[in-house]
Amino acid sequence: MDSSTKSATAGEARRRSYRRAMYAAAALCATAALAACSSSSSSSSPAPQGSSSSSAPSGSGSASGQTVGVSLILKTLTNPYFVTMKSDAEAAAAKNGVKLTVAAGSSDGDTQTQISAIDNAISAGDKGILITTNGNAVNAALNQAKAAGLFVIALDTAPSPPSVADITYATDNTAAGKLDGQYAAASLGGKPAVIAMLDLFNNQVVSVDVDRDHGFLEGMGINPGNPNENGQEAKTGTYTGGGKYTIACHQPTQGAIDGGRTAMENCLSANPNINMVYAINEPAAEGAYAAIKAAGKTSQIKVFAIDGSCAGLKLVTSGEFAADAVQYPGKMAVLGMEAIAKLARGGSKPSDSNGLSFYDTGTALVAATAVSGVTVETPGQGASACWGS
């Protein structure tokens, strides 16, 4: 291998390493429902690792000068998705007269550190907790916090059961998938669609998996069939706009790059005429694109992703993704914090979005090319928010 080839290979490795770090967030979010579950007590816990506190200037954010204590308890602080929540919430704390304490697990599934942070929030007299839970083991501590008068908001994913939190602030995953599907149908212009469905799992049912999969199909005008399970739609039929469709495959990816590549390889082996790929998240989408590129089919197949990370939006610009439905973790944290501050100052409790069982923090579709009938943002416009508010 000559020096120029080595340099190019090293550069590609560095870029792929960066993408993997950014995309770890999306894979973790997609598998949030699988966080470790165990029985645990919330008494006499040590101080949480990675805790930090930021105080608002005296009198800011409220005519009465009341400073409100809020604890933001995250899965980890190594995951870019949750780091965005931390940084956006900290930036907004001073403006809202909020003393924000941030804590996080040492790794995904670390419930004991989160339990300690909940105990500390109760002891500190905080008015509320914002949490991305690491598992059901935190439920007892959260119930104790509610009994002590703290308002509990889950971020990104509802706990199990959802009633453990007073409300959840999250992305409408069905709406995100639907935006991709609408764009896919419009971009085909009535031509036949041969679709690969790259899901999260094929051996268990997880709400984010079903919601995004079904949203994509509904966006294309295809009935998903069983509302509670993937892969139950008619395998052939007509999509919106009058074109014929074929579902070539449903393959699991585990929300990972390697899983996406293997899934796409299997799909192309089953049907080499695929021209449309739905992917559960950006890592799965990037893996799919790697398989498509290896097969020499990049000009024939469009890949649709969901996440909206900074790295992912660059892949829309480069053409690896045809479109990417974005979500806003920073907005989840900021709006949740503002809701607790408002409630503590005598305001009303936040309520679920109309027709939903959670507060919808919004989504948008980023695409490099506009199509008729679908509202899109350019990659530049999407990058201005890029996981933030």
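In the predicted model, G319, just after helix α9, takes a positive phi of about 100°. The helix that precedes this glycine, α9, spans residues 310–318. Within α9, the buried residues include A311, G312 and L313, and L315 and V316 are buried as well.

The protein chain as a whole contains 11 helices and 14 strands. Of its 389 residues, 53% count as buried. Among contacts with a separation of 6 or more, 72% join residues 24 or more positions apart in the protein chain.

The largest nonpolar core comprises 60 residues. Within this core, the residues that touch the most other members are I195, F216, M220, M264, I274 and V277. For F216, leaving aside neighbours within four places in sequence, the contacts comprise G177, K178, D180, G181, A184, I195, M197, M276, Y278 and F304. Another core, of 28 residues, lies apart from the largest one and has Y81, V102, L130 and A341 among its members.

Two helix pairs were examined in detail. In the pair formed by α5 (residues 173–188) and α6 (residues 207–219), the helices pack at an angle of about 30°, and their axes are 6 Å apart. As angles under 35 degrees count as roughly parallel, α5 and α6 are therefore roughly parallel to each other. Their crossing is right-handed. On the α5 side, the contact is made by N173, T174, G177, K178, D180, G181, Q182, A184 and A185; α6 contributes V208, D211, R212, G215, F216, E218 and G219. Classified by type, the residues of the contact between α5 and α6 are four nonpolar, seven polar and five charged. F216, a participant in this contact, is also one of the core residues that touch the most other members.

In the second pair, helix α7 (residues 257–270) packs against helix α8 (residues 282–294) at an angle of about 45°, with the axes 6 Å apart. The two helices, α7 and α8, are therefore oblique to each other, and their crossing is right-handed. From α7, the residues I257, G260, R261, M264, E265 and L268 take part in the contact. These meet P283, A284, E286, G287, A288, A290, A291, I292 and A294 of α8. The residues of the contact of α7 with α8 divide into 10 nonpolar, two polar and three charged. M264, which lies in the α7 side of this contact, likewise belongs to the group of core residues touching the most other members.

Conventions:
Residues numbered from 1 in each chain as written. Predicted model: local features only at pLDDT ≥ 70, side-chain atom pairs only at ≥ 80, totals over all residues. Heavy atoms only, no water. Core = buried A, V, L, I, M, F, W, Y, C linked by side-chain atoms within 4.5 Å. Buried < 20%, exposed > 50% of the residue type's maximum accessible area, 1.4 Å probe, protein only. Contact = heavy atoms within 4.5 Å. Axes fitted to C-alpha atoms, helices over the stretch in contact; angles between N-to-C directions. Helix = DSSP H or I, 4+ residues; strand = E, 2+ residues; numbered from the N terminus. Parallel < 35°, antiparallel > 145°, perpendicular 65-115°, else oblique. Left-handed = near helix turned anticlockwise from the far one by under 90°. Nonpolar A, V, L, I, M, F, W, Y, C, P; charged D, E, K, R; others polar.
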